[in-house]
Amino acid sequence: VKVSREIQKEFAKKYHIQDKNVLMYVGRLSLEKNLEVLLKVFREVVSKDPTVQLVIVGGGPILEEIGRAHV
């Protein structure tokens with residue numbers, strides 16, 4: 001899906017995403033998706049480049065747990 005530049009700018013402003021490298025996960029937030037692997041890898045990435053941001057979009061049974069995850 002192609003998203004207009006205007007919508008991209010609005011999204012970035014709303015979620016405080018600046019001119020940084022952004023990794024994004026879009027999907028269901030559930031145990032079988034193994035999101036703990038994503039968070040572990042992101043910790044490694046951000047330790048090498050602290051400007052990288054992770055955006056997680058979705059909903060599901062582990063939404064609150066993911067929201068409490070500290071990188």
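Residues are classed here by relative accessible area: buried means under 20%, exposed means over 50%, and partly exposed covers the values in between. The structure described below is a predicted model. Under this scheme F11, with a relative accessible area of 29%, is partly exposed because its value falls between the two cut-offs.

The secondary structure of the protein consists of three helices and two strands. Read from the N terminus, these elements follow the order α-β-α-β-α. The C-alpha trace spans about 35 × 30 × 20 Å along its principal axes. The protein has 71 residues, of which 17% count as buried. About 5,900 Å² of surface is exposed, and carbon and sulfur atoms supply 55% of that area. The side chains include 12 positive and 9 negative ones, and the centres of these two sets lie 3 Å apart. Among contacts between residues at least 6 apart in sequence, 73% join residues at least 24 apart.

Helix 1 comprises residues 5–14. None of its 10 residues is buried, so the helix lies largely in the open. A search of the whole structure finds one aromatic pair. This pair is formed by F11 and Y15, whose ring centres are 4.9 Å apart and whose planes meet at 50°, an arrangement classed as tilted. Like F11, which is partly exposed, Y15 is partly exposed, with a relative accessible area of 46%.

Helix 1 is followed by H16, which lies in the loop between helix 1 and strand 1. H16 counts as exposed because its relative accessibility is 63%, and the cut-off for that class is over 50%. The phi angle of H16 is near 55°, a positive value in a residue other than glycine. Most residues other than glycine have a negative phi. A positive phi near 55° is also found at N34, in the loop between strand 1 and helix 2, the latter covering residues 35–48. N34 counts as partly exposed, at 41% relative accessibility.

The loop between helix 1 and strand 1 also holds N21. This residue counts as partly exposed, with a relative accessibility of 48%. Leaving aside neighbours within four places in sequence, N21 is in contact with D49, T51, V52 and Q53. The C-alpha atoms of N21 and V55 are separated by 11 Å, although the two residues are 34 apart along the chain.

Strand 1 covers residues 22–26 and includes V22. At 35% relative accessibility, V22 counts as partly exposed. With residues up to four places away in sequence not counted, V22 touches I17, Q53 and V55. The C-alpha atoms of V22 and V52 are 5.7 Å apart in space, while the residues themselves are 30 apart in sequence.

Q53, one of the residues touched by V22, belongs to strand 2, which covers residues 53–57. Q53 is buried because its relative accessible area is 18%, and the limit for that class is under 20%. Beyond its neighbours within four places in sequence, Q53 is in contact with H16, I17, Q18, K20, N21, V22, L23 and F42. Both H16 and N21 in this list come from the loop between helix 1 and strand 1, whereas V22 is in strand 1.

The largest nonpolar core has six residues, namely Y25, L29, L35, L39, I62 and I66. Within this group, I62 touches L29 and L35, and the contacts of I62 further include S30 and L31, residues up to four places away in sequence not being counted. S30 lies in the loop between strand 1 and helix 2, the loop that also contains N34. S30 is buried, with a relative accessible area of 1%, whereas N34 counts as partly exposed. Apart from neighbours within four places in sequence, S30 is in contact with P61 and I62.

How values were computed: Residues are numbered from 1 along each chain as its sequence is written. This is a predicted model: local features need pLDDT of at least 70, side-chain atom pairs count only at pLDDT 80 or more; totals for chains, interfaces and linings use all residues. Side-chain values use heavy atoms; hydrogens and water are left out. A nonpolar core is a set of buried Ala, Val, Leu, Ile, Met, Phe, Trp, Tyr and Cys residues joined through side-chain atoms within 4.5 Å. Buried means under 20% relative accessible area, exposed over 50%, partly exposed in between (1.4 Å probe, protein chains only). Contact means heavy atoms within 4.5 Å. Helices (H or I, at least four residues) and strands (E, at least two) are DSSP runs, numbered from the N terminus. Accessible areas come from the Shrake-Rupley method with a 1.4 Å probe; for residues, only the protein chains shown count as cover. Lys and Arg count as positive and Asp and Glu as negative; His and the chain ends are not counted. The place of a charge is taken as NZ of Lys, CZ of Arg, CG of Asp or CD of Glu. Rings of Phe, Tyr and Trp (its six-membered ring) pair if their centres lie within 6.5 Å; planes under 30 degrees apart count as stacked, over 60 as edge-to-face and the rest as tilted.
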